[in-house]
Each structure stands twice: as structure tokens, then as C-alpha cells.
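Here's a walk through one protein model, written for someone who likes to know the cut-offs behind each term. Have the viewer open and follow along.

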Amino acid sequence: MKDFIPPSVRARLRSLRLLSRRAVGTHGIGLHNSRSRGAGLEFAQYRAYEPGDELRQVDWKLYARSDRFFVREAERESPLAVWLLVDATASMNQCDAARPDWSRLDAAKALAACVAELALRQGDRFGLIALREDGVRLVAPATGARQRDRLWLELHALSAQGAWPAAQRLRPLWERIAAGDLVLMIGDGFDDGSDEGAVAIAERLASARREVLSIRILTAEERDFPFRGGYRFRDPETGEELLGDGAALRDEFLVRFAAARKALDARLDASGIRHTEYVLDEALDLPLRRLFGARDMAEQT
């Protein structure tokens with residue numbers, strides 16, 4: 001099975017950690033807020049040895065004094081449930097002429113795989129919800145290598161098609177994503193502006209105490225609008241077309257596109273949603289470092 005994560009990106013992921021501001025729970029080994037007893041780092045208490053305990057947890061100095069086996073327990077952080085919400089509508093098929101084999105959906109799959117790898121390394125649970133017109137495809141959160149393989153198989157099979165799903169098809173979002181879960185939305189960030197569009201969903205989840213993050217995927221052609229001469233611009237979801245001269249349309253497009261992104265960012269900011277953009281000609285891990293890396297980390301391109 002093809003690896004979604006290039007070796008150079010995988011190496012740089014080692015410096016990143018998934019951190020949640022709202023995580024709650026009672027067990028596990030993730031890097032989050034609530035505490036429980038386990039094989040962590042900060043000493044909490046001793047207890048009697050039980051079959052199945054790891055020998056490295058036995059306090060041998062205490063054994064020498066008491067002739068009894070005791071296990072050191074430590075505070076450990078609770079696991080996080082990470083939901084990867086991937087936009088799989090037709091607009092995610094868009095790519096740049098300079099790299100026609102790297103679409104928005106390809107980038108979204110790779111970013112989802114990277115976050116799953118971070119969650120796996122931390123002992124956190126991770127799951128997938130792919131959104132497209134025919135409904136949602138869901139992989140419930142779990143942890144471990146088998147869960148990673150299950151998620152990768154789903155990502156490999158995922159194709160982009162249709163428009164945004166109707167409201168009734170979005171019920172799994174409200175039924176399965178629990179308070180305190182971390183939700184990473186990956187897509188182009190634009191929709192029809194309805195009450196069940198991508199941004200509205202992010203706002204609703206955030207208002208219900210889910211921690212929401214967003215990565216908006218742009219093509220380099222959207223950023224630069226390098227077109228010259230006559231072009232037929234077509235919306236892949238609605239089929240609407242616009243005929244025009246690329247050079248003549250460039251300035252107006254860039255101004256309007258920047259205004260639209262600024263308006264979306266303002267809505268996300270108002271809901272406390274951390275967000276960033278990823279352009280298809282950038283390093284894959286760049287948006288993850290913006291969200292999860294050290295603030296003073298130099299950006300690599």
C-alpha cells in the first residue's frame with residue numbers, strides 16, 4: 001500500500017505533538033489535560049505487583065528493603081479522540097497544471113495520514129469522517145497500528161465527487177463527535193454559505209465544546225492566478241462556467257478571493273477555531289507545524 005507520507009516529512013513529524021486545550025477523560029497516555037494512574041513520567045504512588053505488570057515498573061530498591069514487589073505508578077495524561085473531517089466533494093479534485101497528479105484531495109489524504117501518525121505515536125484515538133454528496137464515510141476512533149491501516153485503506157479508496165452533503169446526511173457528526181474531542185477539518189474551506197456548510201459546521205461544533213481546527217487547501221493557481229489568454233473557468237460542483245481573458249480577470253479575482261478568505265477567517269476566529277492554509281506547492285507538513293509546532297520554528301518550504 002502506497003505510503004501517504006514522504007520520508008522527509010515523516011522525519012519532521014517527530015518534532016510535533018497534538019495538543020488539545022479542551023481534552024477531558026479518565027485513562028490513556030496522550031498529551032492532554034486530565035490525569036489517571038499509569039506508566040507515565042510523574043510519580044504518583046506505589047501498588048502491589050500484579051501479573052502482567054512490566055518488570056521495568058518494579059521498584060527494585062523497595063524490593064530489597066521489603067522483600068515484596070511494588071510497582072511505581074505515575075500520573076499520565078488522558079487520550080484524545082481526534083476526528084479527521086475530510087472534504088471529498090468534487091472541488092477537491094482540483095490541481096495545478098504544473099503538477100496534475102497532486103490534487104486537493106491527495107493533499108487532504110496525506111495531511112490526514114500525518115495527523116493519524118502523530119495520534120498513533122501519542123497513544124491517542126483517531127477516526128475519519130469523509131464528506132461528500134452521497135453521505136459520510138466513517139471510521140470510528142480507535143488507536144493502534146491496525147486502526148492506522150484501517151484508516152489508510154479508507155483514504156486510498158476515497159474519491160472526490162458531488163456537492164456538499166445535505167443536512168440529513170450529516171447526523172453522524174452530531175451523534176459521534178463527543179465533547180472534548182479534537183476535530184481537524186481539511187478541505188477547500190468554501191461552500192454555498194448554507195447553515196450546513198463547512199464553516200457553519202465548524203462553528204456549530206466549536207459552540208458545542210468540540211475543539212475545532214481547520215486547514216484550508218488552495219491550489220497555487222488560486223493563489224497566483226497565472227492565466228493568460230482566453231479561458232473557460234468551470235465550477236466542478238455546480239457546473240457553472242465563466243468565459244474570460246485570464247489577464248483581464250486576474251486583479252479582480254485576487255482582490256475578491258482575498259476578501260472571501262478574510263471573511264472566512266474572521267468567522268473562524270470569532271468561534272475560537274485555529275486555522276491555517278496549505279497551498280499545493282508547499283511542504284506537506286507546513287500547515288501542521290503552523291498548528292502544532294513551536295511558535296518560533298522556521299517555516300520550511
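Let's begin with two helices leaning on each other: K109, A112, A113, A116, E117 and L120 in α3 meet A145, R148, L151, W152, L155 and H156 in α4. Contact here means heavy atoms within 4.5 Å, and the helices (H or I, at least four residues) and strands (E, at least two) are DSSP runs numbered from the N terminus. By class, the residues of this α3 and α4 contact divide into eight nonpolar, one polar and three charged. The classes go like this: Ala, Val, Leu, Ile, Met, Phe, Trp, Tyr, Cys and Pro count as nonpolar, Asp, Glu, Lys and Arg as charged, and the others, Gly among them, as polar.

Two packed helices are described by the angle between their axes and the distance between the axes. For α3 and α4 (residues 145–157), the axes come within 11 Å and cross at roughly 175°. That makes α3 roughly antiparallel to α4; the bins are under 35 degrees for roughly parallel, over 145 for roughly antiparallel, 65 to 115 for roughly perpendicular, and oblique for the rest. Axes are lines fitted to C-alpha atoms, for helices over the stretch in contact, and angles run from 0 to 180 degrees between N-to-C directions.

A quick word on where all this comes from. This is a predicted model, in which local features need pLDDT of at least 70 and side-chain atom pairs count only at pLDDT 80 or more, while totals for chains, interfaces and linings use all residues. Residues are numbered from 1 along each chain as its sequence is written, and side-chain values use heavy atoms, with hydrogens and water left out.

Zooming out, the protein has nine helices and 13 strands. Of its 301 residues, 46% are buried, where buried means under 20% relative accessible area, exposed over 50%, and partly exposed in between (1.4 Å probe, protein chains only). Among contacts with a separation of 6 or more, 71% are between residues 24 or more positions apart.

Now for the sheet. Six strands make an open sheet in the order β8-β7-β4-β9-β10-β13, with mixed pairing; two strands pair if DSSP finds at least two bridges between them. β8 (135–142) and β13 (274–279) stand at the edges with a single partner strand each, so one side of each has no neighbour in the sheet. From one strand to the next, the twist averages 15°.

What surrounds β4? Both of its faces are covered. A81, W83, L85 and D87 on one side are buried, and so are V82, L84 and V86 on the other. β4 runs parallel to β7, joined by seven bridges, with L85 opposite I129. β4 is also parallel to β9, through five bridges, and there W83 has V183 as its bridge partner.

Further along, β10 (residues 211–218) and β13 pair in the parallel sense over six bridges, with L218 partnered by V279. Helix α8 (residues 246–270) packs on the sheet, touching β10 and β13, and its direction makes about 170° with that of β10. Our opening helix α3 (residues 104–122) lies across β4 (81–87), β7 (125–132), β9 (182–187), β10 and β13, running at about 175° to β4.

Outside that sheet order, β11 (residues 230–234) and β12 (residues 241–245) run antiparallel, joined by five bridges. G230 stands opposite D245. The two strands form a hairpin with six residues between them, and G239 in the turn has a positive phi of about 80°.

Most residues other than glycine have a negative phi, so which ones here go the other way? R209 has phi near 70°; it sits in the loop between α6 and β10 and is exposed, at 55% relative accessible area. F225 has phi near 45° and lies in the loop between α7 (220–224) and β11, but at 6% F225 counts as buried.

A few last stops. D195, in the loop between β9 and α6 (198–207), is exposed at 69%. D195 and A167 are 28 residues apart in sequence and 8.7 Å apart in space, C-alpha to C-alpha. As for cysteines, C114 is buried at 0% and C95 is partly exposed at 25%. A search of the whole structure finds zero disulfides, a disulfide being a pair of cysteine sulfur atoms within 2.5 Å.
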